[in-house]
Amino acid sequence: MEITITKAASPKPKPDDSNLGFGTLFTDHMFNMDYDPERGWHNPRIEPYGPITMDPSTMVLHYGQGVFEGLKAYHTTGGVIQLFRPQENMKRLNKSCRLLCIPEFDEAFMLKALKTLLQVERDWVPTAPETSLYIRPTILAMDPFLGVRASHTYRFFIILSPVGAYYAEGFNPIKIMVTKEHVRAVRGGVGEAKTLGNYAASLLAGDKAHQAGYTQVLWLDGVEQQYIEEVGSMNIFFMIDDELITPALNGSILPGITRDSVLALGKQWGLPVTERQITIDDVIRAHAAGRLQEIFGSGTAAVISPVGELCFGDQVFQIGDGKVGPMAQKLFDAITAIQYGKADDPMGWVEPV
Ligand SMILES: *Cc1c(COP(=O)(O)O)cnc(C)c1O
C-alpha cells in the first residue's frame, strides 16, 4: 500500500522545549487509514492534523469499541530520532484488536507508516533533555449504528504530541492508595487490552485517591481483592529481600513493555527476578519485618516511578526512607540511557526512524 502525503498549508510555530507538559500540543500532521469489509485496511495517508467528523450514532461513541497504544520517539545527542521497542507496541495493539473484535492490521506496514509520519514531523521531536514526542496510535469503530455488535468499519489514526520531562521537579517518589472499593478489570474481561473503557472505569477510584492526597490507585484483583495487579497506568514492582517481584500476567493486567524491559535488565544484571502472584498482605508483612526495600511503577510515560508511601484502608506505610530507591534509580538511568542513545543497546531495543 502506498502512503499518500498531503502537507499542511501553514505549519504551526514550534513550542518552547523547556515547557511542554503532557498531551496538550499536537503536531502539524496525522496518519489516517480506513477499514471496510470489501477493501480491508485501505487508503493510508498522512494529512494535516484536524478534527474527525463523525455521525452522532458512530459506534465507538456508544459502546467503546476502540483500542490505542502509547510510545515515544526520542532525539539522541547524535541527532538521530529513534523508537524504543516499537514492534512490541504494534504486536500489543493487534492483540487488543483481537480482544475487541477489531480487524488486525499488518504490523510491519504500520511501523513503516509510523516512521514515514515521524520523518514528515521530524522537526517536532523536542531536543531538550528528557523530552520526547509521544505517539498515540488509535483504532475506532466507525459504523453509524446503535445495535450492539462489532462494527464493520474502522478508522486507524496516529497523532503526535511533544512532551516534557515527566519529572519536571525531579525524580521523586509518588504516593499510592490501595482500593478495595473498586476494581479495574476481572479475569475473562479486557484488562490486558489498551481499550477505552478500562480508563473510563478507573476514573472514580482515581478521583477518590486524588482527593485523599494520593497520585495513583493500586489495583487489586477483581475477584478476591487480595492479589496486586498494577497501579494507575503502570505495572508495579517490589524489592523484597533483594528479590525483584512483579505480579504475573494473568489476563487482567496490562502487559507493559517497560515491565518486560525491567524484567530483562534485572535478569541481565543477575538479580533474582520473579513474576508471581503477590498479595497486599504479603507486602504489608514484608514491610513490618523490614524486608520491603522498594516499590516502583513502570510505564512509557514516567519510565520508572518510585513509590514513597502506600495507603491501605486507614494504614499508611512509608516505603524505604521516602527517597528514590537504588534499584528504581538504576533502572531509570539504564532504560533512559538506551532510549536517548547514551548507552549501548545489547538487546536491540532501539529502532532508528
Ligand atoms: C500502557 C499501560 C501500562 C504500561 O505499559 P508500557 O508499555 O510500559 O507503557 C500499564 N498499565 C496500563 C493500564 C496501561 O494502560
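## A walk across two domains

Colour the two domains first: the centres of domain 1 and domain 2, taken over C-alpha atoms, are 27 Å apart. Keep in mind as you click around that this is a predicted model. For the colouring, the domain assignment puts domain 1 at 4-163 and domain 2 at 174-344.

**Stop one: the interface.** Select the residues that touch across the domains. You should pick up 27 residues of domain 1 in contact with 22 residues of domain 2. About 2,200 Å² is buried between domain 1 and domain 2, with 61% of it on carbon and sulfur atoms. Now show side chains for Phe-68, Phe-84 and Arg-92: in domain 1, these lose the most area to domain 2, and together they account for 29% of what that side buries.

**Stop two: charges and polar pairs.** How many salt bridges are there between domain 1 and domain 2? The count is two. For a salt bridge to look at up close, select Lys-95 and Glu-192, whose closest N and O atoms are 3.4 Å apart. Then turn on polar contacts: between domain 1 and domain 2 there are 15 residue pairs of this kind, both partners at pLDDT 80 or more.

Switch to cartoon and highlight the domain 1 elements that give two or more residues to the side touching domain 2: strands S4 (66-68), S5 (71-75), S6 (81-84) and S7 (132-141), plus helix H2 (86-99). Which element gives the largest share of that side? Helix H2 does, with six residues. Colour this side of domain 1 by residue class and you'll get nine nonpolar, 11 polar and seven charged residues.

**Stop three: the ligand.** Centre on the ligand and show what is around it. It is surrounded by 15 residues, the closest being Lys-194, Tyr-199, Glu-230, Thr-258 and Thr-300. Try a few distances to ligand oxygen atoms. From Tyr-199, a side-chain N or O atom is 2.4 Å from one. For Thr-258, a polar side-chain atom lies 2.7 Å from a ligand oxygen.

Finish by going back to Arg-92, picked at stop one for the area it loses to domain 2. A polar atom of the Arg-92 side chain also lies 2.8 Å from an oxygen atom of the ligand.

Conventions
Residues numbered from 1 in each chain as written. Predicted model: local features only at pLDDT ≥ 70, side-chain atom pairs only at ≥ 80, totals over all residues. Heavy atoms only, no water. Domains from an automatic or database assignment. Contact = heavy atoms within 4.5 Å. Buried area = accessible area lost by both parts, 1.4 Å probe. Salt bridge = Lys/Arg side-chain N within 4 Å of Asp/Glu carboxyl O. Polar contact = N/O pair within 3.5 Å; in protein donor to acceptor, adjacent residues only side chain to side chain. Helix = DSSP H or I, 4+ residues; strand = E, 2+ residues; numbered from the N terminus. Nonpolar A, V, L, I, M, F, W, Y, C, P; charged D, E, K, R; others polar. Near = heavy atom within 4 Å.
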